[in-house]
Every structure is written in C-alpha cells, then in structure tokens.
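User: Could you take me through the pockets and cores of this protein, and tell me what lies behind each label?

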Amino acid sequence: MVKGLAIIIDTGVFYGFFNKRDVHHMDSICILVHSLEGKWGKVYTSDLIISEAYTLLRYRMGSRVAQAFLDMLRESGIKTLFLDEEHYEYVVNTLRRYSNVNLSFTDAFTIVAVNKMNIKYLASYDESFNIITKNVNVIGRGYAESLSKTEIRDVKRKLGLL
C-alpha cells in the first residue's frame with residue numbers, strides 16, 4: 001500500500017518525452033519534470049510499461065534512444081511496480097470485466113496497481129483510463145497548455161532547452 005500521494009507514469013508519457021515529433025512531447029516533458037519534482041508524490045511505473053516503452057522506442061527511434069530511456073529510469077528514482085502471481089488474477093479479471101474497452105494487458109495491470117495501491121494520479125494519454133478509473137486523476141492530454149508561460153519556461157530551463 002502506498003502511503004501519501006503517488007503517480008504512475010504510462011508508456012505514452014515516456015515515448016512522448018523522447019520523441020520530439022510526438023503530439024504530446026511538451027506535455028510529456030512537463031509531466032515528467034513535475035513528477036520528478038514531487039508534484040504528485042512518489043513516482044512509479046511498472047515492469048510492463050517499461051517493456052512497452054522500451055520496445056516502442058527501440059522499433060520507432062532506435063536502440064540508442066531506447067537505452068537512453070533505460071538510463072533515465074535508473075537515474076530518475078522512479079520506482080518500478082512488478083506484476084506478481086497475486087495480482088495476475090486481478091489483471092485477468094479486469095480484462096474480462098472491461099472486455100468492451102480497448103485495454104492491453106499492461107493497461108489492466110495499471111488499473112489493478114492504482115486500485116490496489118491507492119494511487120491517486122495516473123499520467124497517460126490513453127482515453128480508456130478516463131472510462132475505467134473512478135478515484136484516479138488522469139493527467140495527460142493538454143497538460144502543458146494548462147501551465148503558464150513562466151512554468152513552461154522553468155521546465156525548459158531545468159532541462160537545458162533554453
């Protein structure tokens with residue numbers, strides 16, 4: 001059980017961070033910077049999300065970018081949640097329960113994780129989470145647009161983009 005605030009970072013946020021052409025690139029930059037600053041508490045991802053993000057980056061952007069992603073994770077302090085036997089059945093049941101929603105196995109584990117660990121925030125661009133998650137605040141699409149010009153400038157400065 002997670003005590004206090006926490007956020008889970010989904011695949012698309014990592015991909016958008018590394019892909020300058022992605023429509024969510026600036027959203028991803030701002031979300032990751034604010035997450036690592038502790039805006040939403042402890043920062044998590046999962047082994048399944050890491051697998052998805054690494055594979056997506058590897059096939060679309062190359063091995064150097066995929067390795068940079070793994071290096072960033074190691075250096076960032078983002079904690080990894082691992083699918084275990086105990087939660088496997090919950091994932092399978094979640095997929096059955098929401099068979100009418102376009103969920104991946106990874107998405108189902110993310111839903112199980114936020115529910116079982118009482119995580120209040122999820123950084124994702126996946127619209128299906130808005131349908132399924134009731135007590136979770138989904139942060140994603142349009143996040144950068146919700147920030148002031150000063151906040152955007154501060155984020156860019158922190159990453160050396162100015």
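Analyst: Gladly! A pocket here is an open set of grid points with protein on both sides within 12 Å along at least five of seven lines, and its volume is the space filled by probe spheres set on those points. By that reckoning, the second largest pocket has a volume of about 190 Å³. Please keep in mind that this is a predicted model.

User: What makes Asp10 and Tyr125 part of the lining of the second largest pocket?

Analyst: A lining residue has an atom within 4 Å of a pocket point. Asp10 and Tyr125 line this pocket, as do Gly12, Glu52 and Asp107, among others. Helix H1 (11-18) and helix H3 (47-61) are the elements that give two or more residues to that lining.

User: How do the residues of that lining divide into nonpolar, polar and charged?

Analyst: Two are nonpolar, four polar and four charged. Gly counts as polar, so Gly12, one of the lining residues, falls in the polar group.

User: And what is known about the largest pocket?

Analyst: Its volume is about 290 Å³. The lining has 18 residues, with Arg97, Tyr98, Ile111, Val112 and Asn115 nearest the centre. H6 supplies the largest share, five residues.

User: Why is the group with Ile7 and Phe69 called a nonpolar core?

Analyst: Because a nonpolar core joins buried residues of types such as Ile and Phe through side-chain atoms within 4.5 Å, and Ile7 and Phe69 belong to such a set of 48 residues. A second, separate core of five residues includes Leu48, Ala108, Phe109 and Val112.

Key
Residues are numbered from 1 along each chain as its sequence is written. This is a predicted model: local features need pLDDT of at least 70, side-chain atom pairs count only at pLDDT 80 or more; totals for chains, interfaces and linings use all residues. Side-chain values use heavy atoms; hydrogens and water are left out. Buried means under 20% relative accessible area, exposed over 50%, partly exposed in between (1.4 Å probe, protein chains only). On a 1 Å grid over the protein atoms alone, a cavity is a set of points where a 1.4 Å probe fits but cannot get out, and a pocket is an open set with protein on both sides within 12 Å along at least five of seven lines; lining residues have an atom within 4 Å of a point. Helices (H or I, at least four residues) and strands (E, at least two) are DSSP runs, numbered from the N terminus.
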